[in-house]
Amino acid sequence: MFEFHKTSLVLQQSSSVIVHAPVKINLALHVVGRRPDGYHLLESLVAFSPDGDDLEIEQADCDSFSVSGPFATSLGSDSDNLVIKARDALRSASGGSFGPVAIRLVKKLPVSSGLGGGSCDAAATLAGLQALMPTRFGPVALLRCAPTLGADVLMCLAGIYQKSALLVRGIGEDIETLSDFPVLHLVLLNSGIAVSTPKVFARLERRQNAPLIFKRNAIFSFDHLTSVLQNARNDLYEPARCIVPELEEMLKLLRKSGARVARMSGSGATCFGLYRSFTQTRKAAEEIARHYPGYFVLATTTFGKFEKMPHDKINESSF
């Protein structure tokens, strides 16, 4: 599976923890089958960036949950929130070993946007509770809870602890860490339209598609990786585009801004553009935001390894 390393995404304070939930980006997503129980079989290349939602958790006299941030009003009722479900699932799995906690969520990502916001929030809740009360339960309880909260929660938990790209297969339970995967510079672009994942899958016409061709031991230079990604795909794009026609225009915007690869993430409706340097990424994001002020636009850098520059020097254009 994966190892639980100490991670800088979980910040321990005197009586509370702050967890930076990552952003999940599907660089490629192939639908390769469907199980008898209805779950789709996927093969996905997933990267994570540190610019997702934030959670603060502390022990309290009674359970409480509050939400703030630019996308707080987009959330439904508290009872449907995966943060609450993660808290309750871990409490149950650990035999009620921890008492009331106050959880504050800063919602920085659009809702139902294909960036794993809810799943990463749930994973961050599990990681935060474990850090706050490490003697009450261990990693086994987290691994037991994560799949019950949704197919993506386990990979998001891996993203928090591994801080690297993943190769994910099955329904999300087969996870391989790609420790040599490079840092990527991306622009994330969302027009503000939420997309229901079940509705996207319901429109999927073909469920037996070609697998993801990915050589685990390849040398991950930028040029090699862009070549791999250009030959990969997101099988959910066409059904999502039927629901959100704006997706096509967003991809055109990213390509026009200089993205070497542009694709939809997850089930939509966020698209990403991949650039060689963060300087290019920032410039593209500023230009798009200037012409489309109502869009969510984020220049971000994923976890990974930097490519070696001549004489082992890394210059500003690498960031």
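Student: In this predicted model, which residues of helix α3 (residues 139–149) are buried?

Tutor: They are A141, L142, C145, A146 and L149. Viewed along the axis of α3, these buried residues fall within an arc of 130°, so they line one face of the helix.

Student: Why do residues three or four places apart point the same way in an α-helix?

Tutor: An α-helix has 3.6 residues a turn, so such residues point the same way. In this structure, the face of α3 turned away from the buried side carries the exposed residues V140 and T148.

Student: What covers the buried residues of α3?

Tutor: The cover includes α1 (82–93), α2 (117–132) and α4 (153–162).

Student: Take one residue of that helix. Is A141 buried or exposed?

Tutor: The cut-off for buried is under 20% relative accessible area. A141 has 8% relative accessibility, so it counts as buried. A141 and S92 are 49 residues apart in sequence, and their C-alpha atoms are 9.6 Å apart in space.

Student: How should I read the sign of phi after the helix?

Tutor: Most residues other than glycine have a negative phi. Just after α3, G150 takes a positive phi of about 150°.

Student: Which residues other than glycine have a positive phi?

Tutor: Among them are S112, with phi near 50°, and K163, with phi of about 50°. S112 is in the loop between β7 (101–106) and α2, while K163 is in the loop between α4 and β8. At 38% relative accessibility S112 counts as partly exposed, and K163, at 28%, also counts as partly exposed.

Student: What about the peptide bonds?

Tutor: Most peptide bonds are trans. Here a cis peptide bond joins G268 and A269, with omega about 10°. A269 lies in the loop between β11 (261–264) and β12 (270–275).

Student: Turning to pockets, what is the volume of the largest pocket?

Tutor: The volume is about 1300 Å³. The pocket is lined by 49 residues, of which S119, G150, A151, D152 and T197 are the closest to its centre. G150 is also the residue with the positive phi just after α3.

Student: Which elements each supply at least two residues of the lining?

Tutor: They are β3, β4 (40–49), α2, α3, α4, β8 (165–170) and α5 (197–202). The most comes from α2, with four residues.

Student: How many lining residues are nonpolar, polar and charged?

Tutor: The lining has 20 nonpolar, 22 polar and seven charged residues.

Student: Two strands on that list have not come up yet. What does N26 in strand β3 touch?

Tutor: N26 is found in β3, residues 23–34. Leaving out residues up to four places away in sequence, N26 touches S44, L45, V46, G114, M264, S265, G266 and F272. With S44 there is also a polar contact of 2.8 Å between the side chains. N26 counts as buried because its relative accessibility is 4%.

Student: And in strand β4, is L41 buried or partly exposed?

Tutor: L41, which is found in β4, counts as partly exposed at 27% relative accessibility. Again leaving out residues up to four places away in sequence, L41 touches H30, V31, V32, G33, R34, R35, G170 and I171.

Student: How should I read a contact between residues that are far apart in the chain?

Tutor: Set the separation in sequence beside the distance in space. L41 and I171 are 130 residues apart in sequence, and 5.3 Å apart from C-alpha to C-alpha.

Key
Residues numbered from 1 in each chain as written. Predicted model: local features only at pLDDT ≥ 70, side-chain atom pairs only at ≥ 80, totals over all residues. Heavy atoms only, no water. Buried < 20%, exposed > 50% of the residue type's maximum accessible area, 1.4 Å probe, protein only. Polar contact = N/O pair within 3.5 Å; in protein donor to acceptor, adjacent residues only side chain to side chain. Contact = heavy atoms within 4.5 Å. Arc of directions from axis to C-beta. 1 Å grid on protein atoms, 1.4 Å probe; cavity = no way out; pocket = protein on both sides within 12 Å on 5 of 7 lines; lining within 4 Å. Points joined across faces, edges and corners; volume = space filled by probe spheres on them. Nonpolar A, V, L, I, M, F, W, Y, C, P; charged D, E, K, R; others polar.
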